[in-house]
Amino acid sequence: MCGIVGYLGEKEAFPIIIKGLQRLEYRGYDSSGVAILGGASGLQHHRKKGKVEALLTEVGENPPSGHLGIGHTRWATHGAPNDVNAHPHLSGDGQLALIHNGIIENYHALKETLTERGHEFYSDTDTEVLVHLIEEVLKSSEDLDLFEATRIALNEVVGAYAIAVIDIARPEELILARKSSPLVIGIGEGEYFVASDATPIVEYTKNVVYLEDEEVARVSLTSGMKIRTIRNHKVTPVITELEMALESIEKGGYEHFMLKEIHEQPRSIQDCLRGRLSLGHNTVRMAGIDDHEPMWKDAKRLIIVACGTSWHAGLIAEYMFEDFARIPVEVEYASEFRYRNPVIGEGDILIAISQSGETADTLAAIRMAKERGAHVFGICNVVGSSISRESHSGAYTHAGPEIGVASTKAFTAQLTVLTLVAMRVGELRNALDSQRRNRLMVELESIPEKIQSMLDQDQKLASIAKVYMSAPNALFLGRGFNFPVALEGALKLKEISYIHAEGYPAAEMKHGPIALIDENMPVFIVATQDAHYEKVLSNIQEVKARGGKIIAVVTKGDKEVARIADHTIEVHPSDDALVPILSTIPFQLLSYHIAVMLDRNVDQPRNLAKSVTVE
Ligand code: F6R
């Protein structure tokens, strides 16, 4: 979704802002813009539909010069993706420039009031209304400065925002504020950086302040940083150290971030397991659970909320919690859960799963659960994200930054953490015997190596991809632990290749999807040797009888499926609960190769955003 970058210091702002916007490209956007404030040149304002490259072409050979600037990548919500709606937006008198992530829900009412007072608007955006509102407050009294005017104006705003505002009359200061949309301030030597996430900041400084909801900040070269809440309470800034490394947000020789992230999985899973498996004591160590042992022992029910790929991880976790811990589990789309009137309260534990930790619906579900008395356990990848901060307890996945829009390493890391949580809870509830616990731990330790041997089959997967790259549709099937893997396989393929794909539990095929099967339909199926093996074999026969093509993920050494399938891809045997971490890898690689062969924008597929901060 939209990205924010700002700079205030001694250096030229424009190159820093452009580099920052390029670092944020992974979030997904459709236009970009900058406003730079420079001595004699005043406010230099450029906006362009399309990629940051298009903005650079627009700017041409005379880039704007100045030491204070803001830049934005816009993912259209209010108004079409065009030059006019792109940010920054200017106040009516052209004195203020503002960039905004989020949605101003009452913008229509505000716009009507401001129009009555003589304001004229050039765009369809809610953001332009906000900058006019700040202008209106600023002009209402000579005693107000931009910081105060912004603070007062935000009291009239309903909705979500992360904003950065500059004023031609104040070239030494940058005003920032947030509510429900993240904003990070980087503190350098005599300079400040601002961004919607840490990726544009990490190469300049590791010292950051995360603004909290309803906080307004002023960073100034003369008076430093000042933060107040919009209700005017003083806040002391808390400086934290970024854990992110610069290499982790660069491609490191791979053609795409997605491919790099797929190949990082042996390491990301090792990082996720580090310090958590205690084979000597035959137990799992997770502070987020150990600190609340009685609560997990006595919990009535688990409710898992998430969106997209993270929701698929939640579905697999349902099987694990039932199997290991014998506890009732419900898995919900966060967007559905938050708008129902769900029965949830004390004694329930809500597990929220989110790579970004910023997904608006998941965040809203958490807040609702907290209000109703449930304990919230967050599983996030991004350290310091809103969901991790708003959860009562939780566990990080430690997969490192995921830049490719299609989630890969974050998914397998989520599965790994969820396995550990389910094992620990199973142990606490005396539902998981020590032998199985031990077997699972030994198996978990071997997962990185098993993934590596799957990655070594990459060329074979590329050749299978070539056969099916022109298919208009695809079906993904699986059963038990591997049913959500089928859903995830279909999601991966459709989001990056734009091929229509559906995921189903294999047994459901007969209840409808079988009508789609003919010689043009590739069916990707997980047919590993688990409790459902024989039944999946029958499903494969049914597809073959109707001329469908079978691409099967099988257990190493399997002969039966190989006899009937058109292609097989082998995974090492493992505990049924852990197979999804392995069986999902070939689907990631197949989708990747098909998308590359179709010349798709693999890392930034059309219309998609990495971090969905609006509902
Ligand atoms: C798909 C994908 C999305 C996300 C979803 C939730 O590859 O990445 O479906 O899983 O938008 O995002 P998070 O996990 O950040 O809450």
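Two strands are taken to pair if DSSP finds at least two bridges between them. In this predicted model, strand β2 (residues 31–38) and strand β3 (residues 42–49) meet that condition with eight bridges, in the antiparallel sense. The two strands form a hairpin, with three residues between them. Within this pairing, leucine 37 stands opposite leucine 43 in β3.

A further set of strands forms an open sheet. Seven strands take part, in the order β5-β6-β7-β8-β12-β13-β14, and their pairing is antiparallel. The sheet has β5 (89–90) and β14 (234–235) as its edge strands, each of which pairs on one side only. Inside this order, β6 (residues 96–101) and β7 (residues 161–167) are joined in the antiparallel sense over six bridges. One position in this pairing is leucine 98, whose bridge partner in β7 is valine 165.

Two helices lie across strands of this sheet. Helix α4 (residues 126–140) lies across β5, β6 and β7, and runs at about 135° to β6. Helix α5 (residues 146–154) lies across β6, β7, β8 (173–179), β12 (215–220) and β13 (224–229). The angle between α5 and β7 is about 150°. Strands β6 and β7 are thus crossed by α4 and also by α5.

Enclosed space was examined next. Rolling a probe the size of a water molecule over the atoms shows where empty space is left. A search of the whole structure finds four cavities of 30 Å³ or more. The largest cavity holds about 70 Å³ of space. Its lining consists of Cys2, Arg74, Trp75, Thr77, His78, His87, His100, Gly102, Thr125, Asp126 and Thr127. By class, this lining has seven polar, two nonpolar and two charged residues. Among the lining residues, His100 falls within the range of strand β6, residues 96–101, and Asp126 within that of helix α4, residues 126–140.

The second largest cavity contains about 50 Å³ of space. The residues lining this cavity are Met1, Cys2, Trp75, Thr77, Asn101, Gly102, Thr613 and Val614. Four of these residues are nonpolar and four are polar, with no charged residue in the lining. Cys2, Trp75, Thr77 and Gly102 appear in the lining of the largest cavity and again in that of the second largest. Asn101, in the lining of the second largest cavity, lies within strand β6, residues 96–101.

How values were computed: Residues are numbered from 1 along each chain as its sequence is written. This is a predicted model: local features need pLDDT of at least 70, side-chain atom pairs count only at pLDDT 80 or more; totals for chains, interfaces and linings use all residues. Side-chain values use heavy atoms; hydrogens and water are left out. On a 1 Å grid over the protein atoms alone, a cavity is a set of points where a 1.4 Å probe fits but cannot get out, and a pocket is an open set with protein on both sides within 12 Å along at least five of seven lines; lining residues have an atom within 4 Å of a point. Grid points are joined across faces, edges and corners, and a volume is the space filled by probe spheres set on the points. Ala, Val, Leu, Ile, Met, Phe, Trp, Tyr, Cys and Pro count as nonpolar, Asp, Glu, Lys and Arg as charged, and the others, Gly among them, as polar. Helices (H or I, at least four residues) and strands (E, at least two) are DSSP runs, numbered from the N terminus. Contact means heavy atoms within 4.5 Å. Axes are lines fitted to C-alpha atoms, for helices over the stretch in contact, and angles run from 0 to 180 degrees between N-to-C directions.
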